[in-house]
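Please take the sequence and the model together, and follow the chain from its overall plan to its individual side chains.

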Amino acid sequence: MKRLLAALCLCSVAAVAHAEIMQKFGQFEIHYNALTTDELQPEVARAYKIERSKTRGLLTMSVLKKNKVGVLSPVPAKLTVYATNLTRQLADVTMREIKEGTAIYYLGEFRVGPPDTLTFTATVEVPGELKQEMTFDQKFFK
């Protein structure tokens, strides 16, 4: 399964062709990416039970916390996410937790009608920590 995660991440990076996307909140880093599911390799989509389509999107998120020596480790979190398109239509993005070994990440699927730009708003709750809210935009061209 770790190979599938690596393939998913590589596909995501190749799809957007830019540096890793993340936001920092104190000792936390929240990494994220959104892409259309037709960009996933078929075996990755099958393994995660994701329908490949130009009109379906996939949001990936992970929450990492720095320890006392500055090393980042994944931590479980509650993620509440919604997306708004250019015509202000709102949709919930239900995130599901995936654990593979020490890795923890979250996947959420949504509808998209390219070309469009979606604004994602995410609330991140780590037990015992302050709740964080973040927003980011993703353009879909196909």
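The paragraphs below go from the chain as a whole to its sheet, its nonpolar cores and its salt bridges.

This is a predicted model, and the chain in it holds two helices and ten strands. Read along the sequence, these elements follow the pattern α-β-β-α-β-β-β-β-β-β-β-β. Of the 142 residues in the chain, 46% are buried, and the accessible surface comes to about 8,200 Å², with 54% of that area belonging to carbon and sulfur atoms. When contacts between residues at least 6 apart in sequence are considered, 58% of them join residues that are at least 24 apart.

Some of the strands can be followed into a sheet. Strands of a sheet pair through backbone hydrogen bonds, either parallel or antiparallel. Here an open sheet of four strands runs in the order β6-β5-β9-β10, and its pairing is antiparallel. The edges are taken by β6 (residues 90-93) and β10, and because each of these has a single partner strand, one side of each is left without a neighbour in the sheet. From one strand to the next, the twist averages 25°. The pairing of β5 with β6 is antiparallel and extends over four bridges, and Val81 stands opposite Val93 in β6.

The next step is to look at the nonpolar side chains. In soluble globular proteins, nonpolar side chains tend to be buried together. The largest nonpolar core in this model has 28 residues, and the members that touch the most others are Leu59, Met61 and Phe120. The elements that give two or more residues to this core are β2 (28-36), β3, β5 (78-84), β8 (103-111), β9 and β10. Which residues does Phe120 touch, if those up to four places away in sequence are not counted? The list consists of Ala34, Leu59, Val81, Tyr82, Ala83, Val93, Phe110, Met134, Thr135, Phe136 and Gln138, and thus includes both Val81 and Val93, the residues that stand opposite each other between the paired strands. Apart from the largest core lies another core, of ten residues, among them Leu40, Ala45, Leu58 and Leu107.

Charged side chains complete the tour. Side chains of opposite charge can pair when their charged atoms come close. In this chain the count comes to four salt bridges. One of them joins the side chains of Lys65 and Glu129, at 3.3 Å from N to O. This pair links distant parts of the chain, since Lys65 lies in strand β3 (residues 56-66) and Glu129 in the loop between β9 (116-125) and β10 (132-140), 64 residues apart. Lys65 counts as partly exposed because its relative accessibility is 26%, and Glu129, at 32%, also counts as partly exposed.

Another salt bridge is formed by Lys99 and Glu97, whose closest N and O atoms are 3.9 Å apart. Lys99 is exposed, with a relative accessible area of 55%, whereas Glu97 counts as partly exposed at 38% relative accessibility.

Is Arg56 buried or exposed? With a relative accessibility of 16%, Arg56 counts as buried, because the cut-off for that class is under 20%. The side chain of Arg56 nevertheless meets that of Glu51 in a salt bridge of 3.9 Å, N to O, and Glu51, Arg56 and Glu109 are linked in a network of salt bridges.

Terms used
Residues numbered from 1 in each chain as written. Predicted model: local features only at pLDDT ≥ 70, side-chain atom pairs only at ≥ 80, totals over all residues. Heavy atoms only, no water. Buried < 20%, exposed > 50% of the residue type's maximum accessible area, 1.4 Å probe, protein only. Contact = heavy atoms within 4.5 Å. Areas by Shrake-Rupley, 256 points an atom, 1.4 Å probe, with all protein chains shown as cover. Core = buried A, V, L, I, M, F, W, Y, C linked by side-chain atoms within 4.5 Å. Pairing = 2+ DSSP bridges. Axes fitted to C-alpha atoms, helices over the stretch in contact; angles between N-to-C directions.
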